[in-house]
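Thanks for making time. I will take one chain today and walk through how its parts sit against each other. Please have the sequence and the structure open.

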Amino acid sequence: MSRLLLPTLFSISRKQVPAASLFHNLYGRHKSFVHWTSEMSQDSVRSSTNVGSVSGARTFCSLEDLSAKKCVPCNAKDLRPMTEQSAQELLQKVVGWEMANDNGTLKLHRSWIVKSFTKGLDFFKRVADIAESEGHHPDLHLVGWNNVKIEIWTHAIDGLTENDFILAAKINELQVEDLLRKKKAAQ
Ligand SMILES: C[C@H](O)[C@H](O)[C@H]1CNC2=NC(N)=NC(=O)C2=N1
């Protein structure tokens, strides 16, 4: 089976998130706050007085500007996966990504068709640079020579956190047009 499964990039050392970054994460660039719905208490692993938490699930989360946020470390003891309902809401913000339930673990995934095998590897390199700078890492698949698939979830807690959506949003902002197979014009 011609399948190349690149291993998850999982080697970065623990990052300390600067206070300024946490502030930015909490309040976003824009002041458009959105309450995370009534299931907030299930998703929030800390009270709103602890809004500076490094957990992936926060009490309040701006639905805007995901890509401007910074991933937080996934090793917080009280990190919990977000509920499917909250994930569905954030999913609207990451165009092209889908959510799947993989044996009880919610994951994000998106696929692209690239021009060639090596363009697929170039694609991964661009994604890897973001993953390393965020300290949050996707699973990268290059299948059948030109099908790129990326899966994202938070391995540490077997589920989705805001980190996963931040990473997906940043991947969406990558310039990859030069690597993608052009669609054939309709006859
Ligand atoms: C300390 C550091 O944040 C963790 O080891 C990170 C590294 N990258 C990661 N990436 C993903 N997708 N899930 C994780 O749980 C994870 N853990």
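I will start with the overall layout, then go through the helices, the strands and two single residues.

First, a caution: this is a predicted model. Everything I say is computed from that model.

The chain has five helices and five strands. Read from the N terminus, the order is β-α-α-α-β-β-α-β-β-α. There are 187 residues in the chain, and 33% of them count as buried. Take the contacts between residues at least 6 apart in sequence: 74% of those join residues at least 24 apart.

Now the last helix in that order. How many of the 11 residues of helix H5 are buried? Nine of them are, so H5, residues 162-172, is largely enclosed by the rest of the structure. The buried ones are Glu162, Asn163, Asp164, Phe165, Ile166, Leu167, Ala168, Lys170 and Ile171. You will see that charged residues are on that list, Glu162, Asp164 and Lys170 among them. What do the buried residues of H5 pack against? Two helices and two strands: H3 at 84-91, H4 at 117-134, E3 at 105-113 and E5 at 147-152.

That brings us to the core. The largest nonpolar core has 28 residues, and Val127, Leu167 and Ala168 touch the most other members. H3, E3, H4, E4, E5 and H5 each put in at least two residues. H5 gives the most, with five. If you want one residue to click on, take valine 127. Setting aside its neighbours within four places in sequence, valine 127 is in contact with Pro138, Leu140, Ile150 and Ile171.

Next, helix H4. With 18 residues at 1.5 Å a residue, H4 should span 26 Å, and its end C-alpha atoms are 26 Å apart, so the two agree. Which residues of H4 are buried? They are Lys119, Gly120, Phe123, Phe124, Val127 and Ala131. These cover an arc of only 145° around the axis, which means they lie on the same side of H4. The face turned away from that buried side carries exposed residues, namely Thr118, Lys125 and Asp129. After H4 comes glycine 135, with a positive phi near 70°.

While we are on H4, look at arginine 126, which lies in this helix. Is arginine 126 buried or partly exposed? It has 14 other C-beta atoms within 10 Å, so it counts as partly exposed. Leaving out residues up to four places away in sequence, arginine 126 touches Leu174 and Val176. Leucine 174 is 48 residues away from arginine 126 along the chain, yet their C-alpha atoms are separated by 7.6 Å.

On to the strands. Strand E2, residues 98-102, runs antiparallel to E3, and five bridges join them. Aspartate 102 has threonine 105 in E3 as its bridge partner. E2 and E3 make a hairpin with two residues between them, and asparagine 103 in the turn has a positive phi of about 50°.

E3 also pairs with E5, again in the antiparallel sense, over six bridges. In that pairing, tryptophan 112 stands opposite valine 148 in E5.

E5 in turn pairs with E4: the two run antiparallel and are joined by five bridges. Aspartate 139 stands opposite glutamate 151 in E5. Three residues lie between the strands of this hairpin, and glycine 144 takes a positive phi near 60°.

Stay with E4 for a moment. In a regular strand the side chains alternate between the two faces of the sheet. E4, residues 139-143, has a covered face with Leu140 and Leu142, and an uncovered face with Asp139, His141 and Val143.

The second single residue is leucine 142, in strand E4. Why does leucine 142 count as buried? Because 21 other C-beta atoms lie within 10 Å, and the cut-off for buried is 20 or more. As for distance, the C-alpha atoms of leucine 142 and lysine 107 are separated by 18 Å, and the two residues are 35 apart along the chain.

To close, two points to keep from this predicted model. H5 is largely enclosed by the rest of the structure, and H5 gives the most residues to the largest nonpolar core. That is what I have.

Notes:
Residues numbered from 1 in each chain as written. Predicted model: local features only at pLDDT ≥ 70, side-chain atom pairs only at ≥ 80, totals over all residues. Helix = DSSP H or I, 4+ residues; strand = E, 2+ residues; numbered from the N terminus. Buried ≥ 20, exposed ≤ 12 C-beta atoms within 10 Å, placed from the backbone. Contact = placed C-beta atoms within 7 Å. Pairing = 2+ DSSP bridges. Core = buried A, V, L, I, M, F, W, Y, C linked by C-beta atoms within 7 Å. Expected span 1.5 Å × (residues − 1). Arc of directions from axis to C-beta.
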